[in-house]
Amino acid sequence: MTSDTIPAIDVSRLNGSMAERLACAEQIGWACREIGFFNVIHHGIDLQSVRRTFDAAGRFFATPLAEKMQVALSAESGFCGYFPLKGEVTDPLVGGDPKEGYDISFGPTNRWPNNPPELKSVLTEYYAAMSGLGRDLSRGFALALDLPEDFFAAKLDRPTAILRLLHYPPVDHVPDPHALSPVGCGAHSDYGYLTILAQDEQGGLQVETRSRTWVNVPPQAGAFVCNIGEMMARWTNNRFRATPHRVIRITGGSRYSIPFFFHPNPDVLIETLPTCRASDDDAGYTPVTSGEYLHRRQSGAYI
């Protein structure tokens, strides 16, 4: 592995012997330190559930705009619901992204549309599966950081997790990838703890490496793409990297993706971990609760 490649990690070993768990955690830790991204394989998630979620997303986004706007996202809804094309800004230099999305979260604030009728049951099942995978990966994070194995998982029983459906509508012209703005999603780093992404066959995801070049993260059958967010970078005093990434259009057809943004319980204090301090005097970032930090970042993300 090099810092310019996205490794594929067999995470079934996180449920094996201690030696297997430590070996897997070592690979996860390397990826989080060097590039902030990795693919997970042999994760145990039912791939039919993934397919059902993509199918439900396609049916939802095909409904009329007026119907989708009946469940529009807002601060009052806890940032749950639908946002239209160019409703989210990931790169202020570019402006609103040419994509539409629909978010659900943990709790009673979700805004469910009437169509498709199966959307609630499909997304609820998928949300639970992703939460389980996120807790498994969190045990790997803890071992990689020389912490008790359940350090992070114990703080994720009431996660402020967000499941997002994204649709990049068809375009008549595929931009030059070297143009100023060839993107479907502007260059940014995620602001949370962990993102677990399912992408369709269209591709287009790119990650910025330490050498300041963009590398493709092509779709890999049966795999999820995972990356570290800024909250985890704060928590680890930047030992784990929150890496810029973007989506470019490489085909003219519709593109769908399903990111799952997994964050700790809202009352968890994010302060520099004891194993990530360079010295006894290294206080790292100013402590902040998970809920406060996420609300602050979400409030500036939509237009």
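Residues are taken as buried when their relative accessible area is under 20%. By this criterion Phe60 counts as buried in the predicted model, because its relative accessibility is 1%. Tyr102 likewise falls below the cut-off and counts as buried, at 0% relative accessibility.

The analysis of ring contacts yields a count of 14 aromatic pairs. One of these is formed by Phe60 and Tyr102, whose ring centres lie 4.9 Å apart with an angle of 45° between the planes, a tilted arrangement. Phe60 belongs to helix α2 (residues 47-61) and Tyr102 to strand β4 (residues 100-105), so this pair ties together parts of the chain that are 42 residues apart in sequence. Tyr102 also pairs with Trp112; the ring centres are 6.5 Å apart and the planes stand at 55°, so this pair, too, is tilted. The contact links distant parts of the chain, 10 residues apart, with Tyr102 in strand β4 and Trp112 in the loop between β4 and α4 (119-144). In contrast to the buried Tyr102, Trp112 is partly exposed, with a relative accessible area of 24%. Ring pairs join these residues into a cluster made up of Phe60, Phe61, Tyr82, Tyr102, Trp112 and Tyr256.

Charged side chains are also found over aromatic rings. Lys155 is placed over the face of Phe151, at a distance of 3.8 Å from the ring centre. Over the ring of Trp214 sits the charged end of Arg246, 4.4 Å from the centre of that ring.

The largest pocket of the model has a volume of about 610 Å³. Its lining comprises 35 residues, and those nearest the pocket centre are Glu88, Thr90, His188, Asp190 and Phe261. Classified by residue type, the lining consists of 16 nonpolar, 11 polar and eight charged residues. Several secondary-structure elements each supply at least two residues of this lining: the strands β5 (162-168), β6 (183-188), β7 (194-199), β10 (224-228), β11 (245-248) and β12 (255-262), together with the helix α6 (290-299).

Methods. Residues are numbered from 1 along each chain as its sequence is written. This is a predicted model: local features need pLDDT of at least 70, side-chain atom pairs count only at pLDDT 80 or more; totals for chains, interfaces and linings use all residues. Side-chain values use heavy atoms; hydrogens and water are left out. On a 1 Å grid over the protein atoms alone, a cavity is a set of points where a 1.4 Å probe fits but cannot get out, and a pocket is an open set with protein on both sides within 12 Å along at least five of seven lines; lining residues have an atom within 4 Å of a point. Grid points are joined across faces, edges and corners, and a volume is the space filled by probe spheres set on the points. Helices (H or I, at least four residues) and strands (E, at least two) are DSSP runs, numbered from the N terminus. Ala, Val, Leu, Ile, Met, Phe, Trp, Tyr, Cys and Pro count as nonpolar, Asp, Glu, Lys and Arg as charged, and the others, Gly among them, as polar. Rings of Phe, Tyr and Trp (its six-membered ring) pair if their centres lie within 6.5 Å; planes under 30 degrees apart count as stacked, over 60 as edge-to-face and the rest as tilted. Buried means under 20% relative accessible area, exposed over 50%, partly exposed in between (1.4 Å probe, protein chains only). A charge sits over a ring if NZ of Lys or CZ of Arg is within 6 Å of the ring centre and within 35 degrees of the ring normal.
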